[in-house]
Amino acid sequence: METYGSWVPVWAVACSLAASGMILASSRRPNLREFWTLSAAGVKFALILTLVPEALAHRVAEARLFAIAPGIDLTLRADPLGVFFALVSSALWIVTSCYSVGYMRGLSEHKQTRYFACFAVCLSSTVGIAFAANLLTFVIFYEMLTIATYPLVIHKETPEAVSAGRKYLAYTLTAGVVLLVATAWTYELTGTLEFRPGGFLGSETAPAATCVWLFVLFMSGAAVKSALMPLHGWLPTAMIAPTPVSALLHAVAVVKAGVFAVIRIVGFVFGPATLSALGLQTYLACLAGLTMILASVLAFHQDNLKRRLAYSTIGHLSYIVLGAALLTPASLAGSLLHLASHATMKITLFFCAGALHVQLHKEKISELDGVARQMPWTMGAFAVASLGLAGLPPLNGFVSKWYLGLGALQAAQPLAFALFLLAGLLSAGYFLPILYRAFCRAPQPEAEPSQTPHQEGASGHDASAWITFPLLITAALSLILGLFPNLLFHFWSLAHLVSDSILNGGSP
Amino acid sequence: MIGEHFPVLIPVSLLVGAVVSVPLGLWRGSLSRLVALLATGFSVVAAGVGLRHVLRAGEMRYSLGGWPPPIGIEYVADPLALFVVLVVTGVGFAVTVYSKRSLERESPQNHVPFNAVALLFLAGLSGMVMTGDLFNLYVFLEIASLAAYALVAAGEKRAPVAAFRYLVLGTVGASCYLLGVGFLYLATGSLNMADVRAILPLLPHYRLPFIALCLMVIGLGLKMALFPLHVWLPDAYTYASSVGSAYLAPVGTKVAAYALMRVWFGVFGPVAYALPIGAMLVVASVAGILVGSIMAMAQNDLKRMLAYSSVAQVGYIGLGIGLASPLGFIGAVLHILNHAVMKATLFLVSGALAYRFGTTSILPMDDRLRRAMPWTSAAFAVAALSMIGLPPTAGFFSKWYLALACLKAESWPLVAVIALSSLLNAVYFFRVLERMYLRKASAEERIPGPPASNPGEAPPSMLIPILILGLGVLLIGLANAWIVEKVIKLAIPSGL
């Protein structure tokens, strides 16, 4: 990998930060405000897209900004892993922005300016996390993400939303502090915080016991955002937020930042050699396997659609963590591919849940009888995404699970392989009843005529184009990326490049 | 050549300002304010120019009245002193700009003496920082303290009691320090800091110097409100007028902390390492951090909450000093700056709330506050995030250096305390932020409404200092590496 100086990563982070300022300034003019959101999303995506060919050609764009602490520069570096994550999040920001416009206007939500401004800051932080070249830069953006998502979680400003916000802060701020301590300790031990493929923390820099403690600290810092049990409690509670926020939290920004942190730390701080020497990845794998199964079982219990999706998210994030913990070429690639495919599928599902809320004001699964007749496109997309999460070919969920399973076999871990299969079955188990209700049952007779003020929307058709198009696009993406994993964005090549770099310590 | 006189110019200009402002103010009321602005403004410029000069050309020494140092009083302008003076005068200038409208509202009768006393207070503090003489430090300590008692006493109805309590305890502290100086003079026959430092290692035994050091640490610890010597602080800051606490809180305790560093590192140095001063400071600071934070959570008045938070934050500084390592020193000195700017912002915001709503109680706050004063609320939010220690604000980096220092010293409990304190800060600041931003205005329980004639932000002379300091919190955070590399690292005392 050769590095070259480039400001593109900086612009990619800065453009949505600048947009948030413009959004705040144009709060009185909603159309102009939405223009800033959408154009920043487009520009950001285009900028990151220009980094893809370079990353594939083993050329890494790097921008050293200034010293943020003595000896540590605020550095952004677009390595393949960063480009991969930034690509996923910025692509999905475009569709989420369109969807948000439709959703917020459809429900005439309050404080839309704050909402869009925070959204833009979130995306800046996410891309900052993706491109952070050292741990301190990473921690800074990680904390910024926490703060920027807080106003989104409490958006409704109801007492439940406020207490959900408290819970969210209690979890994430604690995690941030733990991560900071781990970072400071690492700096104290090694004198460097620069991410290196294959890791920079090892037996030569720190005694084994210290490495174990550091791993525990780092992982508990990262596990909160990646909702690894038992640190997952904030996520179902945060479902109180508006649906596009849940889509962002669960598909694009927060939880993906968490699993991204796990991959960064496993692959670029400790590295496979250190981890296997200490046997640490086994514990991580056990925790991830346990979370995968438990979360899937818990998902069966949820009647609230968004809560079921939340538990499904917890389960699927653990696929990614387990893939990273197995430390084989296929499992690492599969883990990254699952990061992308879970993003497209879960965002589709949340979009659908939001469309049901906007159009029919239904939030419970038990109310969904026959909704497919009223909202055929929406439920069609729902079916595609949920089958994808269950791992059915030819959807992208199948591709990523294929590699994850292959990785489990490469690592000679039949148990992990069995867990992947079981969790896939469980996913099918908690999604199929929804599909059955929606497609096969007859609609419930609507007894109460004056359920909502939005009566004209309650009659049966899909929601507005702002809402329906994004969810169709993400569903189509799931299908296309399942058939041609390397089409459009070179996800497949990037994922393999990353797993190579981690396992070969950066040497090509 | 005026350049070589500037170390002494800062306290002198402030003193002259204090003296001149009274007769001028009695002649024309507005002149006292003009004098205050000129004096503080000049001292900021002098401190800035001086710091720039000293960073280029090295430290400057100035003999008062032309008497050579061991006999005469010496002023020392080194990077650390000028850095702290810049913080003191910078915050002082901002508060002076801010003070006009707030004083008109809170104490319209006596703004002339108030300005004079505030100038005296700043003169005392800058003198404490610049002097190279132990007894002269005591003199300026008393000037600053007496002015501080007056600043407190000029507050609301219960202020005189708080001021009296402050006076009694503050005098005990100053007397302890003076006794210490006496013992040290007895042992070494000198009052000049550099001279005493040179003599100390030559002494046959250290009994007297050690007693002196203990007395001085206790005296200065009381002045810097180190736990458990902090009991005067909450009442004093709560009942002083808004401007009064905005002068006192950001810089008052910090200069005592600075004096502690001067005495312990600068005068005693390696000689004192036989005494467990550092361990004692660390224990007291940790207790202060925890108790201050927990007490802050329990307060229902914003100023009182900020006062207890000051106790905790002084603990950060004490912790950095007590670790007696280069990183701890960096953390402590950077936190002097960071906390001064953050606390000034917060106290100025609380003054603006008092100006508009007539109360600083937390309980009735609701989102009409943010609606009426969006910029003030934003500045409060930034300063609060910095107190919690979230990047990229200044407070994050204090935490970073202190955590590094604790890790370097391999004291894991201290790392845990720093982490915990950041979370405790989050609890009590989000309690306020939640009310400010999220609580709906309800019909029965509301802030006594803003005067109908002028709802909205505080007047520009109050708002602009708030915004500049709030922005400063962010900029200092981003520029912290520069500050540490260019200024603080040069100031690390030899022998650490």
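The expected span of a helix is 1.5 Å times one less than its number of residues. The exercises below apply to a predicted model.

**Exercise 1. Helix α4 of chain B**

Determine how the span of helix α4 of chain B relates to the expected value, and state whether the helix is mostly covered or exposed.

Solution. Helix α4 of chain B runs over residues 111–130 and has 20 residues. At 1.5 Å a residue, a span of 28 Å is expected. From the first C-alpha to the last, the helix reaches 28 Å, which is close to that expectation. As for burial, 19 of the 20 residues of α4(B) are buried, and the helix is mostly covered.

**Exercise 2. The environment of Thr348(A)**

Classify Thr348(A) as buried or exposed, and list its contacts beyond four places in sequence.

Solution. Thr348(A) lies in helix α13 of chain A, residues 329–360. A residue is buried if 20 or more other C-beta atoms lie within 10 Å of its own. Thr348(A) has 30 such atoms within 10 Å and is therefore buried. With neighbours within four places in sequence set aside, its contacts are Ala381(A), Ala385(A), Leu471(A), Thr474(A), Ala475(A) and Ser478(A). Thr328(A) is 20 residues away along the chain, and its C-alpha is separated from that of Thr348(A) by 30 Å.

**Exercise 3. The contact between chains A and B**

Describe the side of chain B that touches chain A by element and by class.

Solution. Chain B and chain A each bring 22 residues to the contact. On the chain B side, the elements giving two or more residues are α16 (394–408), α17 (412–438) and α19 (480–491). Of these, α17(B) gives the most, with eight residues. By class, this side has 17 nonpolar, two polar and three charged residues.

Note on methods: Residues numbered from 1 in each chain as written. Chains lettered and ligands numbered in written order. Predicted model: local features only at pLDDT ≥ 70, side-chain atom pairs only at ≥ 80, totals over all residues. Contact = placed C-beta atoms within 7 Å. Helix = DSSP H or I, 4+ residues; strand = E, 2+ residues; numbered from the N terminus. Nonpolar A, V, L, I, M, F, W, Y, C, P; charged D, E, K, R; others polar. Buried ≥ 20, exposed ≤ 12 C-beta atoms within 10 Å, placed from the backbone.
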